[in-house]
Amino acid sequence: MELRLYDTLTKEKREFVPLNRDNVRMYVCGPTVYDFAHIGNARPVIVFDVLFRLLRHLYGEKHVTYVRNITDVDDKINDRAARDFPGLPLNEAIRKVTEQTANQFHADVAALGCLPPTFEPRATDFVLPRADGKADMVTLIKELIARGHAYEAGGEVLFDVQSMPDYGALSGRRLDEQLAGARVAVDAHKKNPADFVLWKQSTDNEPGWASPWGRGRPGWHIECSAMSAAYLGNIFDIHGGGLDLIFPHHENEIAQSRCAHGTPTMANYWMHNGFLQVEGEKMSKSLGNFFTIRELLDDWPGDALRLNMLKTHYRSPIDWTLKSLEESKKVVDSWYDIVDGQAAGEPDEGILSLLGDDLNTSGAITRLHAIAAGRMATSEQAQLDIQQTLKASANVLGLLGKTKAEYLRGDPRAVVVDDNVVRALIADRTAARARKDFKESDRIRDELAAMGVVIKDSKEGTTWEIAR
């Protein structure tokens, strides 16, 4: 089947042709872990999980690498840490906030039926040069300075946007019309108001790392440039995220990565999901329509929340309503009644074709309704075929992956854990233990635990199992 994806950069739907069919690579911007994720945060996670599943179906599970980062250095995290743990040293308080929030995020998206990404790097692990030689932020910044694309001023290192002639191509903004982006203050020491921070100074009360430019911390954008290059290379296939990240975040990622590596592009396809509103209004705590994923999971099954999200095409705005959610739950209930106890067969080719058309999930769901409508077929074999096709087709969308009993009790542990991800994390933990980096070893154990994986060490090595 052909896969066509809408590319934000070229503003057209194009046939997807991977750089390497044996290693299809995708990067998606992940959460900043300072608070519980809300339902709007869930949209890109679900959308790109569907794409991940489709790519695995097309190219094979072992031939797709999906990286979704965790931002664990941010001023919002600092503020939350000081507020919640005033009696602890800041770095210790920050670690508590980020570990708790990241673990909650993992549990929430697992309950929504999302597979874990192949790799989930944390920004703080990629600030300084690494023993394994993977890309890091300090080295990228040094390269940008050496190539004439960045400069030191006012105690900061800034990217010189005028050094890149086609800066602004992704967002379509002319350089002379641009204002400084998020997290960038307009200061007199900048050559251009749109120049953005690569490295900034840290006070004694802020997290920081020793660098050639003094003790400080990275700017937001350089984090993703380093982590994507670390696992996917200087040029990869797909970069995704929410519409709100086009400018300045993704625009600045492109500038940093291309200029540091001397490449014509960073990713071949740029994909962005639309905004979410609740009952026709922008989600806001002041309006009382702000819902975390965890709050919704207290009242609704994860499959129902997922189906409700996928009924709208990912590039369109979505209006999250109680009525639509009630309808989604009824549909999922009925589908579990049909497939309960049956193994998955082969997915319907019509559904695969619809998903191949820029992830037409709304069309695929309509097709699922049509398949389910044939459940009253006269022959026993025909009924079995419908059950197995419905289950397999829904699985491509990340639906009906549990038993009916697990669905009814909202059991997130029914989500399949990617064996390759677990083995890679265990290998990283073994390496950390060998070099006596027990802090990193403990962090990886916690990450595995958040995925629902229990590890057991013995003389023969490390084994793992799903927590019961």
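This short tour goes through an annotated motif, an annotated lysine and a pair of helices. Keep in mind that you are looking at a predicted model.

**Stop 1: the motif.** Select residues 31–41, which UniProt, in an unreviewed entry, labels as the short sequence motif "'HIGH' region". Colour this stretch by secondary structure and you will find 27% helix and 0% strand. Its end C-alpha atoms lie 8 Å apart.

**Stop 2: the lysine.** Now select K285, which the unreviewed UniProt entry annotates as "binding site". Where does K285 sit? Look in the loop between β12 (281–282) and α7 (293–297). Is K285 buried or exposed? With a relative accessibility of 59%, K285 counts as exposed, because the cut-off for that class is over 50%. Show its surroundings next: leaving aside residues up to four places away in sequence, K285 touches D35 and F290.

**Stop 3: the helix pair.** Select helix α5 (residues 220–232) together with helix α6 (residues 246–261). Two things describe a packed pair of helices: the angle between the axes and the distance between them. Here the axes come within 8 Å and cross at roughly 55°, which makes α5 oblique to α6. The crossing of the two is right-handed.

Finally, turn on side chains to see which residues meet. On the α5 side, pick W220, H221, I222, C224, S225 and A229. Facing them in α6 are P248, H249, N252, E253, Q256, S257 and H261. Sorted by class, this contact has five nonpolar, seven polar and one charged residues.

Conventions: Residues numbered from 1 in each chain as written. Predicted model: local features only at pLDDT ≥ 70, side-chain atom pairs only at ≥ 80, totals over all residues. Heavy atoms only, no water. UniProt positions renumbered as here; feature names shortened; annotations may be inferred. Helix = DSSP H or I, 4+ residues; strand = E, 2+ residues; numbered from the N terminus. Buried < 20%, exposed > 50% of the residue type's maximum accessible area, 1.4 Å probe, protein only. Contact = heavy atoms within 4.5 Å. Axes fitted to C-alpha atoms, helices over the stretch in contact; angles between N-to-C directions. Parallel < 35°, antiparallel > 145°, perpendicular 65-115°, else oblique. Left-handed = near helix turned anticlockwise from the far one by under 90°. Nonpolar A, V, L, I, M, F, W, Y, C, P; charged D, E, K, R; others polar.
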